[in-house]
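Colleague: I have some questions about how the labels on this model were earned. Take me through the reasoning, please.

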Amino acid sequence: MIESLLQHLDTLLLYVFAACALVGAVLMLVLRQPMRVAMALISTMVFLGGIYGLLGVHFIAAFQVLIYVGAVMVFMVYVIMLLEIRESAGMARYSALVVPGVVATALFVGALGYGVWHGYPALIRAAAGTRFGIHQFSISFLTEYWLHFELTSVLLVAAVVAALAVIKVSRRAHG
Amino acid sequence: MIQDLLVYALYIAYAIGVLMTFGTVLTWVERKQAAVMADRIGANRAYVRLPFTQVKLVWWGLFHGLADGLKMLVKEDFKPRTYDWYAYAVAPWVVFTPVLLVFAVVPFGGILDPGRLFPSLAGWFGDRTYPLQIARLDAGLLIVFAFSGITIIGAMLAGWSSANKFSMLGGLRAGSQMISYELVMGLTVLGLVLIYGTVDLGVMVQKQSGTVLGFLPAWGVFYQPFAATLFLTAAIAENKRIPFDLPEAESELIAGYYTEYSAMKMGLFMFAEFIEIAIIGALFTTLFLGGYNLPYMNDSGFAFPGGHTVAMSHGWVVVTQLVVFLVKILLVCSFQILIRWSLPRFRYDQVLSFAWKFMLPLALANLVATAVLVWSHQGSVT
């Protein structure tokens, strides 16, 4: 009884963490108060870290919490606290750029889904390979994947600019 | 499988027990040490009277911690009409939980072999051995910093959600101060990572059991004396204690970010602070003071510089390592309390410029010097 429970504990926890991360992500999109949104995002990040930990890549879990919660979200909470944004954000003030934005998002998600679906057997093979330690990770990160990493940061900057374009930022309202 | 569960449940119980005991005892140590330093008698009022007798047990005032806990548990749980009740309710736990979790990656002893320790259980355990560490992770040091980053959010949430100007200022101060010193703390430890070539705390301790220059124990403090000083300073600032207790400076901000908290919720903040003293002690011991080993000691006994070795039985090694680790933690805690009662509080701008203009350049210089040394002695240092 306990033996079988222990064997399936990983799977059970994986589902629990995934569900919690999903709930956090949905709450982040639905809630209107900035601090609540930040807290929902923090919980999502922590649960994602838990999922990485269950997959056996503890250093990725540590990076997830260290970078996203310990650095990014700390600054967001700090800024929200400094600005004392107390009112909930306004409703329905998207600019006309939201239409191409949604289309591009659908295309992007579609392309990602296609790629992941067709690359799935390769992913399974990679996951079933040897244990992926921090030593191995550091070497392949700094030799093979540093360009991908830098490109991701460019993508993130583009995403921030796009988000600013899609919601109508009125500089004069509320001072 | 069940054996693993049993052993790790025992480890977790041990860790929680040790941290809770330290949290309670340190409140007393802080008072008693202040009294000793100020040439007073000190905490000696609380006592337990044996029922139906006139025998009062004072025990050097050890019951003060108990009385404090009881007071916090039975006080009124005042709830202000805050702006954000959810953040208000969740903040003490966000501060308290990560502090406990950090201990999960700290090794508090060497390798435990239950079969050798209890021969009657040898058949059940087989040849399984367990390192005395709750989670032996190759990313140990990163996880320490990941968890201590979460604490900052808790302090800021507490200050912000209380909707009180004192709390708000306290939260602001806590946020800026902890962000600044977290950076310094990370940079000071990087030098050690360069020397030992790992972020696994267990391996770090094992690498400190040899000798350096023939006679000194290979402790981190001898490799990186400068980083050790900076690390301890930054850690005390990270824990927001005097002389860095600006976020809760009682003469300026009442109690800072936890002004609006009462009863056990305030107790959680206090408890987290005292447990963090012990955690800093444990981290400093692990990183710089050779962890759970005495000088020249390893998992099989002593190996003195002259080539002389003393073998010890497994049981004695385990007990010695557990005790030595606790004693080292207590000594570092006592040193922190010594600092707390010796130095006056900084002014707020001094705290931040101390971090950014003094400690950060020093930590960077230390890192550069270490990198150059490790590079020039490539292969011969570790």
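Colleague: Why are H3(B) and H12(B) called roughly parallel to each other?

Modeller: This is a predicted model, so every value here is computed from it. The axes of helix H3 (residues 85–102) and helix H12 (residues 263–288) of chain B cross at roughly 25°. Angles under 35 degrees count as roughly parallel. H3(B) and H12(B) are therefore roughly parallel to each other. Their axes come within 9 Å, and H3(B) passes H12(B) in a left-handed crossing.

Colleague: Which residues make the contact of H3(B) with H12(B)?

Modeller: From H3(B), B:Pro92, B:Val95, B:Phe96, B:Val99, B:Leu100 and B:Val102 take part. H12(B) contributes residues including B:Leu268, B:Phe269, B:Ala272, B:Ile275 and B:Ile279. B:Lys265 and B:Glu276 of H12(B) are also among them. By class, the contact has 12 nonpolar, no polar and two charged residues.

Colleague: What makes B:Ile275 buried rather than exposed?

Modeller: The count around B:Ile275 is 23 other C-beta atoms within 10 Å. The cut-off for buried is 20 or more. B:Ile275 is therefore buried. Its place is in helix H12 of chain B.

Colleague: What is B:Ile275 in contact with, leaving aside its neighbours within four places in sequence?

Modeller: B:Ile275 is in contact with B:Leu19, B:Phe22, B:Gly23, B:Val99 and B:Leu100. B:Val99 and B:Leu100 belong to the H3(B) side of the helix contact. B:Gln177 is another matter: B:Ile275 and B:Gln177 are 20 Å apart in space, C-alpha to C-alpha, and 98 residues apart in sequence.

Colleague: Now H1(B) and H13(B). Why are they called oblique to each other?

Modeller: Helix H1 (residues 2–37) and helix H13 (residues 314–340) of chain B pack at an angle of about 50°. Roughly parallel needs an angle under 35 degrees, and roughly perpendicular runs from 65 to 115. About 50° fits neither range, so H1(B) and H13(B) are oblique to each other. The axes are 10 Å apart. The crossing is right-handed.

Colleague: What residues make that contact, and how do they divide by class?

Modeller: H1(B) supplies B:Leu26, B:Val29, B:Glu30 and B:Gln33. H13(B) supplies B:Cys333, B:Ser334, B:Ile337 and B:Leu338. They divide into five nonpolar, two polar and one charged.

Colleague: On to the sheet. Why do E7(B) and E9(B) count as edges?

Modeller: Three strands form an open sheet in the order E7-E8-E9 in chain B. Strand E7 (297–298) and strand E9 (309–311) each have a single partner strand, so one side of each is left without a neighbour in the sheet.

Colleague: How do you know that E7(B) pairs with E8(B)?

Modeller: Pairing requires at least two bridges. Two bridges join E7(B) to strand E8 (residues 301–303) of chain B. The requirement is therefore met. The two strands run antiparallel. B:Met297 stands opposite B:Phe302 in E8(B).

Colleague: Two residues caught my eye, B:Phe52 and B:Lys240. What is the phi of each?

Modeller: B:Phe52 has a positive phi of about 65°, although it is not a glycine. B:Lys240 has a positive phi of about 60°, and it is not a glycine either.

Colleague: What makes B:Phe52 exposed and B:Lys240 buried?

Modeller: B:Phe52 has 6 other C-beta atoms within 10 Å. Exposed means 12 or fewer, so B:Phe52 is exposed. B:Lys240 has 25 other C-beta atoms within 10 Å. Buried starts at 20, so B:Lys240 is buried. B:Phe52 lies in the loop between strand E1 (48–49) and strand E2 (56–57) of chain B. B:Lys240 is in the loop between helix H10 (225–238) and helix H11 (250–253) of chain B.

Colleague: Last, the two chains. How many residues are in contact, and which element of chain B gives the largest share?

Modeller: 25 residues of chain B are in contact with 22 residues of chain A. H1, helix H6 (140–161) and helix H7 (165–196) of chain B each supply at least two residues of that side of chain B. The largest share, 11 residues, comes from H6(B). By class, the chain B side has 20 nonpolar, three polar and two charged residues.

Colleague: And what does chain A consist of?

Modeller: Its secondary structure comes to eight helices and zero strands. Buried residues make up 18% of the 175 residues in chain A.

Terms used: Residues are numbered from 1 along each chain as its sequence is written. Chains are lettered from A and ligands numbered from 1 in the order in which they are written. This is a predicted model: local features need pLDDT of at least 70, side-chain atom pairs count only at pLDDT 80 or more; totals for chains, interfaces and linings use all residues. Axes are lines fitted to C-alpha atoms, for helices over the stretch in contact, and angles run from 0 to 180 degrees between N-to-C directions. Helices (H or I, at least four residues) and strands (E, at least two) are DSSP runs, numbered from the N terminus. Angles under 35 degrees count as roughly parallel, over 145 as roughly antiparallel, 65 to 115 as roughly perpendicular and the rest as oblique. A crossing is left-handed if the near helix is turned anticlockwise from the far one by less than a right angle, and right-handed if clockwise. Two residues are in contact if their C-beta atoms, placed from the backbone, lie within 7 Å. Ala, Val, Leu, Ile, Met, Phe, Trp, Tyr, Cys and Pro count as nonpolar, Asp, Glu, Lys and Arg as charged, and the others, Gly among them, as polar.
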